[in-house]
Structures are given as structure tokens and as C-alpha cells.
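Thanks for passing this one along. Here are my notes, kept informal, to read with the model open beside you.

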Amino acid sequence: MGRGAFRIDHDLAAYEICPLLAFLNMQIPSTFFGELSSAEFLAEYWQKKPLLVRGAWPGFESPLTPEAFLALSSRTDAFSRLMVRLDGNHKWDVREGPFSKAVFEKMPDSQWTLLIQEVDRLVPEVREMLQVVSFLPNWRLDDIMISYAANGGGVGAHTDNYDVFLLQGYGRRRWQINTVPVVEENLIEGIDVSILADFEPDCDWVLETGDMLYLPPKIAHHGVALGPCMTFSIGCRAPGALEFVTGLLDNVLSEMDPEERYSDPHLKPGSHPGLMGDQVIEWAKSLIQSVIDDKAALTNLVGKILSEPRREAEDGPYAHLSFEDVFASGKTLKPYAASQVIYVRNPDATITLFAAGEMISLDASSLPALQALISVAGLKNGDFDLDPDFLELLEGLWEQGTLIFQ
Ligand code: SIN
Ligand code: CO
């Protein structure tokens, strides 16, 4: 098993000693779309058609070196996958992490990819990158997935169910896409990965570092690394209707009075005993209507469901210290995941905060501090005059891992 190309490009001797993060002079571009404003992008491309932007992130420098990225896959809280192509006939070896250094030392020169999901949760500098899509609501964001591919590596031609911004973060990758959305997927059978059997590209580009390809859902795409490369996928989130209604109804069911029953004290004789009559239909309608008509209750349910964490939180880096001490030391408090801390402004000017599936009522005066907390800058001790209740809330959210110090 050769490892020439890998050894030349990424010296594994540096694996232990390299700092996890490379230095990054993070200059977040004011628009991700070159000449286009975010508003123009939303109007013309978002959810409609692909867009390639050359130099979308001028001077982009990956916050993680390839070595640091491979090292990240050894963490148990990193969701990593390794895909190695075994031959030309769509045979893949797909493994889930964590991966030790030894795994990468045995890798071939080419045709493999390491993918790590939710890197924004693990690496503060990657989380900062989300600022580039701050024109989207946080609940609409999923994560930043990063891939490292050896020469020729990729995950095959496929579609995704979500909008994605594919930023070329290091090296070069050839992207082929078909601009007509796939309605019915014809997948290659009998393999471990979902690859389209009949992919015919109508666009073919080589992306250099800093270039970005936006794809709406269901656009077939195929990326192949031209030499070692890293791709940053800023992935969006769109709740599935079935799953969402299931979530809503599960919540409604848990609140329902198990004793409530159909009753008809004014029943009149019917024309035929087999006739069902309208009354029971009206009753069924009223049961569902009562959920829909109560806008405040529905808002609370939606907020609760959208902010729910997908996984259990892990202890953050300062878990062994007291909240008070860490906050006083000047560390910045931020949500662990962008989509888990959202809020609504109620008609009476109060705020309802949804944090990891919990609902918390707040006074309007908390809004500036809350907005700072959720913003890219985060919340620092001394930025606002915080009342003790709000501080206690922050402490509780930090203890449960919904907020983290950075
Ligand atoms: C990759 O980075 O290799 C895959 C990204 C994607 O296709 O969504
Ligand atoms: Co994809």
C-alpha cells in the first residue's frame, strides 16, 4: 500500500505537534456572492438554481490544516466517516470514526475521503464562518461539514435534500453538476453509498480555494479532488413535513386530556342507523382546529421542535470550572449549535426563547443581550447589565451544554 502522495503533502510527523488550529486571519466577506447582494441571491438563486461564484471568499485560508483536520477525526465527539474507493466499479469501503493516526498512515495515495460533520460545533473558527450566511435564519442552518480528499477522492455523484454552499477550502476540486433537479433517483444497487446510476453533467468546473458553488436541493453533483483538497459544505436544514407533523402531534398528544371523549347529549333520531352524520366529523375537525387556531401555542410548539438538539450535548472545555469564574475571566458565551437557540417576539413585546427544545419566557429588556449571545460576536461579561435571573438562565443553559464558552 503506497502512501507517497500523502506523505509528501502532509507530514504525519507533524500530526501530534501541530496546533489543532492553523492561524486564521478570518476576514468574513460582506457577501458570499461576488457582485450579487444576499438579497439578489435569495431572489434569483436560493432554492431555484445553482450558482458558481469565483473568489466568493477572497483569500480564504482554512482554519484547519489538513493534518489538524485528520487529527480532529480522532475525537469521539466528531462525526467522521472515511470513504475509500476500492476499484472502478463503485466499490467503497465506508467506515465510521473515530480514526487514529495509524489509519491515515495506511491510506493509499488517492481515492479516499474523510468527512466530518458539524465541525462548526467543534472548532470555534469554523463556527465563525457561519457569519457568511447570516442573511439566513439560524434555524434554517444545519452544520458545516468538512471533507479532506486525497487525489481523485470524492463521494460519487449524488443529490442532497438540502441547499448547500460548497466552499473550496484548500486545493482544487472538479465539480460536475446537472442543473435539472432529479425527481426520481436511480441509484446504483448493492453498494454502501447512494450514487446516481445515470448522472449526466451539463456543467463542469474546477474550483480553486475561495470559490463557492451553491446548490439547491436535488441537484445532482459529483466532486473529484484534483490533488489533496478540502471542501467546506455549509449545509441548510429543511424539516421534512411528515417528521414535523409527527413532532407537532406528539407534543399535542402529550398535552391532551386522556379523559376527554366524544359526547352528544343533544342527539336526534337519524334517518338510517348506518349513516355516520356530520357531528362526529365536526368534532374531529374541532380537535385539530383547536391546535391550529391557537397561534401562541403553535408558535411554542414550532420553536420547541426546531430548537431540539439532534444529539446529546457533551461537556465543554470549561466544564470543570464554575460558570461565574469563566464568565468573569472574559470568555465569550455562544450557542453550541446555531439552530438550537432561537426566539420569537410576542405581540405583548415579551420574548420567548427556545433553547434546545426548552421554552423560556423573557422580559423585553433581555433582548439586546440575547441577540448578542446568538450573534457571531457572542456575549461577554460587562457587555450588558445582566439581571440575576438572566444570568442564572445562562448558567443553566451552559451547564446543559446548550451554550458554550469560547
Ligand atoms: C464532499 O465534500 O466530498 C461532498 C460534499 C457534498 O457533495 O455535499
Ligand atoms: Co452533496
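Which residues coordinate the cobalt ion (ligand 2)? That's where I'd start, bearing in mind that this is a predicted model.

1. The metal site. His158 and His221 each bring NE2 to the cobalt ion (ligand 2), and Asp160 brings OD. The distances run from 2.0 to 2.1 Å. Along the chain, the donors fit the spacing H-x1-D-x60-H. Asp160 and His221 sit 61 residues apart, so this pair links distant parts of the chain: Asp160 is in the loop between β5 (141-149) and β6 (164-178), while His221 belongs to strand β9 (residues 220-236).

2. Buried or exposed? The two ends of that pair are worth a look. His221 is buried, at a relative accessible area of 2%, because the cut-off for buried is under 20%. Asp160 is partly exposed, with 26%.

3. Around ligand 1. The residues surrounding ligand 1 include the metal donors His158, Asp160 and His221. Also in the shell are Met145, Ser147, Val155, Leu166, Arg173, Trp175, Thr231 and Ser233. Strands β5, β6 and β9 each contribute at least two residues to this shell.

4. Polar contacts. Oxygen atoms of ligand 1 come to 2.7 Å from a side-chain N or O atom of Ser147, to 3.0 Å from one of His158 and to 3.4 Å from one of Asp160. Taken alone, ligand 1 would expose 260 Å², and the protein buries 95% of that.

5. The pocket. Ligand 1 takes up the space of the largest pocket.

Definitions and conventions: Residues numbered from 1 in each chain as written. Chains lettered and ligands numbered in written order. Predicted model: local features only at pLDDT ≥ 70, side-chain atom pairs only at ≥ 80, totals over all residues. Heavy atoms only, no water. Donors = N, O, S within 2.8 Å, 3.2 Å for Na, K, Ca; no water. Helix = DSSP H or I, 4+ residues; strand = E, 2+ residues; numbered from the N terminus. Buried < 20%, exposed > 50% of the residue type's maximum accessible area, 1.4 Å probe, protein only. Near = heavy atom within 4 Å. Polar contact = N/O pair within 3.5 Å; in protein donor to acceptor, adjacent residues only side chain to side chain. Areas by Shrake-Rupley, 256 points an atom, 1.4 Å probe, with all protein chains shown as cover. 1 Å grid on protein atoms, 1.4 Å probe; cavity = no way out; pocket = protein on both sides within 12 Å on 5 of 7 lines; lining within 4 Å. Sits in = over half its atoms within 2 Å of the grid points.
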